[in-house]
Amino acid sequence: MSANDKPSIFAQQVYQVVSRIPRGRVSTYGDIARALGTRSAQAVGQALRCNPYAPEVPCHRVVARDGKIGGFFGEKEGDRIAEKIALLRAEGVVIESGNIDMTLFRHTW
DNA sequence: GTTGTGACGGGTC
DNA sequence: CGACCCGCCACAA
């Protein structure tokens, strides 16, 4: 864990891609991993977990493949998730019971 | 070099 | 639907 690690090369690539997600859209960990040439969505999640860049890297626009919100600030389930949802809604993303309609908001490169 | 882990994903039961 | 398992890859110990 450790939330004060230095960004590894891979992590920086993740930040780069995530920051390219247009407003009002979302992407998945798996797709981001693919965009980087890997298959590990977990590796992407690890990079975002210690996300030292707040606005540049809108981690709230990154969700699980099934449309469910992954985590936020290292919390898998908690009140912080609600904040993430509120942010997405503010961008125009519709969320139902913590689930996003991927067929409409999933962004791909 | 080896082991365990994880903000995941897909398949099976 | 949920529970379970396996594969995946980067990273820390």
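Me: Which residues of H3 are buried?
Reply: The buried ones in H3 are Val-44, Ala-47 and Leu-48. Buried here means under 20% relative accessible area, exposed means over 50%, and partly exposed is in between, using a 1.4 Å probe and the protein chains only. Helices (H or I, at least four residues) and strands (E, at least two) are DSSP runs, numbered from the N terminus.

Me: On which side of H3 do they sit, the same side or opposite sides?
Reply: The three cover an arc of only 95° around the axis, so they are on the same side of H3. That arc is taken from the directions from the helix axis to the C-beta atoms.

Me: Before we go on, what kind of model is this?
Reply: It's a predicted model: local features need pLDDT of at least 70 and side-chain atom pairs count only at pLDDT 80 or more, while totals for chains, interfaces and linings use all residues. Residues are numbered from 1 along each chain as its sequence is written, chains are lettered from A and ligands numbered from 1 in the order in which they are written, and side-chain values use heavy atoms, with hydrogens and water left out.

Me: OK. What covers the buried residues of H3?
Reply: The cover includes helix H1 (9–18), H2 and strand E2 (62–63). I'm counting contact as heavy atoms within 4.5 Å.

Me: And which residues are exposed on the other side of H3?
Reply: Gln-42 and Gln-46 are exposed there. Gly-45 also lies in H3, and with a relative accessible area of 24% Gly-45 is partly exposed.

Me: Switching to the DNA. Which residues surround strand C?
Reply: Around DNA strand C you find Ser-8, Phe-10, Thr-38, Arg-39, Ser-40, Gln-42, Ala-43 and Gln-46. A residue is near a strand if one of its heavy atoms lies within 4 Å of it. Of the atoms of DNA strand C that come within 4 Å of the protein, 67% belong to sugar and phosphate.

Me: Which element gives the most to that surface near strand C?
Reply: Helix H3 (residues 41–49) does, with three residues. By class, the surface near DNA strand C has two nonpolar, five polar and one charged. In that scheme Ala, Val, Leu, Ile, Met, Phe, Trp, Tyr, Cys and Pro are nonpolar, Asp, Glu, Lys and Arg are charged, and the others, Gly among them, are polar.

Me: What does Ser-40 do with the bases of strand C?
Reply: A polar side-chain atom of Ser-40 is 3.1 Å from a base oxygen of DNA strand C. Gln-42 has a polar side-chain atom 3.4 Å from a base oxygen of that strand, and an N or O atom in the side chain of Gln-46 is 3.5 Å from a base nitrogen. For polar contacts I take pairs of N or O atoms within 3.5 Å; within protein, one must be able to donate a hydrogen and the other to accept it, and residues adjacent in sequence count only if both atoms are side-chain atoms.

Me: Now strand B. Which of the residues around it come nearest?
Reply: Out of 16 residues around DNA strand B, the nearest are Tyr-29, Gln-42, Leu-48, Arg-49 and Arg-65. Gln-42 has a side-chain N or O atom 2.8 Å from a base nitrogen of DNA strand B. A backbone N or O atom of Leu-48 is 2.4 Å from a base nitrogen, whereas Arg-65 has a backbone N or O atom 2.8 Å from a phosphate oxygen.

Me: How many residues does H3 give to the surface near strand B?
Reply: Seven, the largest share. By class, the surface near DNA strand B has six nonpolar, six polar and four charged residues. Sugar or phosphate makes up 44% of the strand B atoms within 4 Å of the protein, and the rest belong to bases.

Me: Different topic: where is Arg-61?
Reply: Arg-61 is in the loop between H3 and E2. Arg-61 counts as buried, because its relative accessibility is 11%. Its side chain reaches the backbone oxygen of Ile-21 at 2.8 Å. Leaving aside neighbours within four places in sequence, Arg-61 has contacts including Pro-22, Leu-88 and Glu-91.

Me: How many aromatic pairs does the structure hold?
Reply: One. Phe-72 and Phe-73 pair edge-to-face, 4.9 Å centre to centre with 80° between the planes. Rings of Phe, Tyr and Trp (its six-membered ring) pair if their centres lie within 6.5 Å; planes under 30 degrees apart count as stacked, over 60 as edge-to-face and the rest as tilted. Phe-72 is buried at 9% relative accessible area, but Phe-73 is exposed at 68%.
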